Amino acid sequence: MTDKLTGAAARQYVADAIRHSLRSGDLVPGQRLVENDLAESYGATRSAVREALQDLAAEEIVEIVPRRGARIRAVSVDEAVQITECRSALEQLCAMKAATQANEAQRAELRRIGTEMRQAVADGAVHTYSALNQRLHELVVEASGQEVARRQLERLNGPMVRFQFRLALRPGRPAQSLQQHLDIIDGIVSGDATAAARAVAAHLGDVIEQLRSSATTSSTPVPTRT
């Protein structure tokens with residue numbers, strides 16, 4: 001019999017696996033998370049699962065209800081809009097910093113991401129586009145050197161894991177957001193802090209509109225990747 005994963009590595013593995021399952025739709029808001037089942041599924045000890053759930057609860061991805069256990073926390077559209085508004089302020093700051101502080105390797109990677117995003121849209125490769133999208137936003141924060149903003153964005157993005165996955169899968173969404181992302185890249189690569197911040201504001205403003213439109217088509221939060 002194979003030994004079960006334990007310790008800090010197992011704790012991180014289980015937390016990451018739950019995030020992935022939420023993004024992919026294998027887990028949905030409101031779904032109960034049973035420690036025994038998770039331990040069996042992920043080959044980890046119950047203590048590692050319990051600690052992972054506590055970590056996810058701190059990120060507001062999971063809700064732990066006394067005497068009822070854990071479940072995936074549901075995020076309303078109104079909350080998602082407010083989170084995105086806060087995210088916009090922080091990402092605008094990061095884009096401005098990145099425009100003046102990014103090194104040549106980071107600028108080269110931004111250019112490469114832009115080229116690959118164009119190709120992904122041309123090929124209809126929505127999952128590739130989504131992955132590039134995520135890397136772009138991460139790289140902007142990295143290039144900014146704004147560690148405080150990075151920590152705050154990680155916390156804000158936690159509850160948005162499921163919302164942030166599905167938007168790119170909507171018909172026509174990658175083509176719609178492509179130019180927005182290219183504008184962010186152009187602003188940073190050219191060293192124009194004002195243009196970079198303006199592009200981020202426009203992009204996340206559009207994301208907010210997409211979130212609000214989802215509220216008119218469903219009584220439950222519509223899963224959305226920005």
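The exercises below work through the fold, cores, helix packing and selected residues of a predicted model.

**Exercise 1. Fold and surface**

Task: State how many helices and strands the chain has, and in what order they run.

Solution:
1. Count the elements: there are ten helices and three strands.
2. Read them from the N terminus: the order is α-β-α-α-β-β-α-α-α-α-α-α-α.
3. Turn to burial: the chain has 226 residues, and 44% of them count as buried.
4. Add the surface: the accessible area of the chain is about 11,200 Å², and carbon and sulfur atoms account for 50% of this area.

**Exercise 2. The nonpolar cores**

Task: Find the largest nonpolar core and say which elements give two or more residues to it.

Solution:
1. The largest nonpolar core has 39 residues.
2. Leu-110, Met-117, Leu-136, Val-140 and Ile-188 have the most contacts inside this core.
3. Two or more residues each come from α4 (77–101), α5 (104–123), α6 (126–144), α7 (147–157), α9 (173–189) and α10 (193–215).
4. A second core, separate from this one, has 21 residues, including Ala-52, Ile-61, Val-62 and Ile-72.
5. Take Leu-110 as a sample from the largest core. Leaving out residues up to four places away in sequence, Leu-110 touches Leu-136, Leu-139, Ile-185, Ile-188 and Val-189.
6. For background, nonpolar side chains in soluble globular proteins tend to be buried together.

**Exercise 3. Packing of α5 and α6**

Task: Decide how α5 and α6 are oriented to each other, and name the residues that make the contact.

Solution:
1. Start with the axes: those of α5 and α6 come within 10 Å and cross at roughly 160°.
2. Apply the cut-off: an angle over 145 degrees counts as roughly antiparallel.
3. The two helices α5 and α6 are therefore roughly antiparallel.
4. Their crossing is left-handed.
5. On the α5 side, the contact is made by Gln-106, Glu-109, Leu-110, Ile-113, Glu-116, Met-117, Ala-120 and Val-121.
6. On the α6 side, the partners are Thr-128, Tyr-129, Leu-132, Asn-133, Arg-135, Leu-136, Leu-139, Glu-142 and Ala-143.
7. Relate this to Exercise 2: Leu-110, Met-117 and Leu-136 are in this contact, and they are also among the residues with the most contacts inside the largest core.

**Exercise 4. Packing of α4 and α6, with Ser-144**

Task: Work out the orientation of α4 to α6 and the place of Ser-144 in their contact.

Solution:
1. The axes of α4 and α6 lie 7 Å apart, at an angle of about 60°.
2. This angle makes α4 oblique to α6.
3. The crossing of α4 and α6 is left-handed.
4. From α4, the contact uses Arg-87, Glu-91, Cys-94, Ala-95, Lys-97, Ala-98 and Gln-101.
5. From α6, it uses His-137, Val-140, Val-141, Ala-143 and Ser-144.
6. Now look at Ser-144, a residue of helix α6. With residues up to four places away in sequence left out, Ser-144 touches Cys-94, Lys-97, Ala-98 and Gln-101.
7. The relative accessibility of Ser-144 is 2%, so Ser-144 counts as buried.
8. Ser-144 and Asn-103 are 41 residues apart in sequence, and their C-alpha atoms are 9.9 Å apart.

**Exercise 5. Two positive phi angles**

Task: For Glu-60 and Arg-67, give the loop in which each is found and decide whether each is buried, partly exposed or exposed.

Solution:
1. Glu-60 is not a glycine, but has a positive phi of about 65°.
2. Glu-60 is in the loop between α3 (46–58) and β2 (62–65).
3. With a relative accessible area of 34%, Glu-60 is partly exposed.
4. Arg-67, also not a glycine, has a positive phi of about 65°.
5. Arg-67 is in the loop between β2 and β3 (69–72).
6. At 85% relative accessibility, Arg-67 counts as exposed.

**Exercise 6. Two residues of α1**

Task: Classify Arg-19 and Gly-7 by accessibility, and give a C-alpha distance for each.

Solution:
1. Arg-19 is in helix α1 (residues 7–24).
2. Its relative accessibility is 15%, and buried means under 20%, so Arg-19 counts as buried.
3. Arg-19 and Ile-61 are 42 residues apart in sequence, with 8.3 Å from C-alpha to C-alpha.
4. Gly-7 is also in helix α1.
5. At 34% relative accessibility, Gly-7 counts as partly exposed.
6. Gly-7 and Glu-51 are 44 residues apart in sequence, with 9.5 Å from C-alpha to C-alpha.

Terms used:
Residues numbered from 1 in each chain as written. Predicted model: local features only at pLDDT ≥ 70, side-chain atom pairs only at ≥ 80, totals over all residues. Heavy atoms only, no water. Core = buried A, V, L, I, M, F, W, Y, C linked by side-chain atoms within 4.5 Å. Buried < 20%, exposed > 50% of the residue type's maximum accessible area, 1.4 Å probe, protein only. Helix = DSSP H or I, 4+ residues; strand = E, 2+ residues; numbered from the N terminus. Contact = heavy atoms within 4.5 Å. Areas by Shrake-Rupley, 256 points an atom, 1.4 Å probe, with all protein chains shown as cover. Axes fitted to C-alpha atoms, helices over the stretch in contact; angles between N-to-C directions. Parallel < 35°, antiparallel > 145°, perpendicular 65-115°, else oblique. Left-handed = near helix turned anticlockwise from the far one by under 90°.
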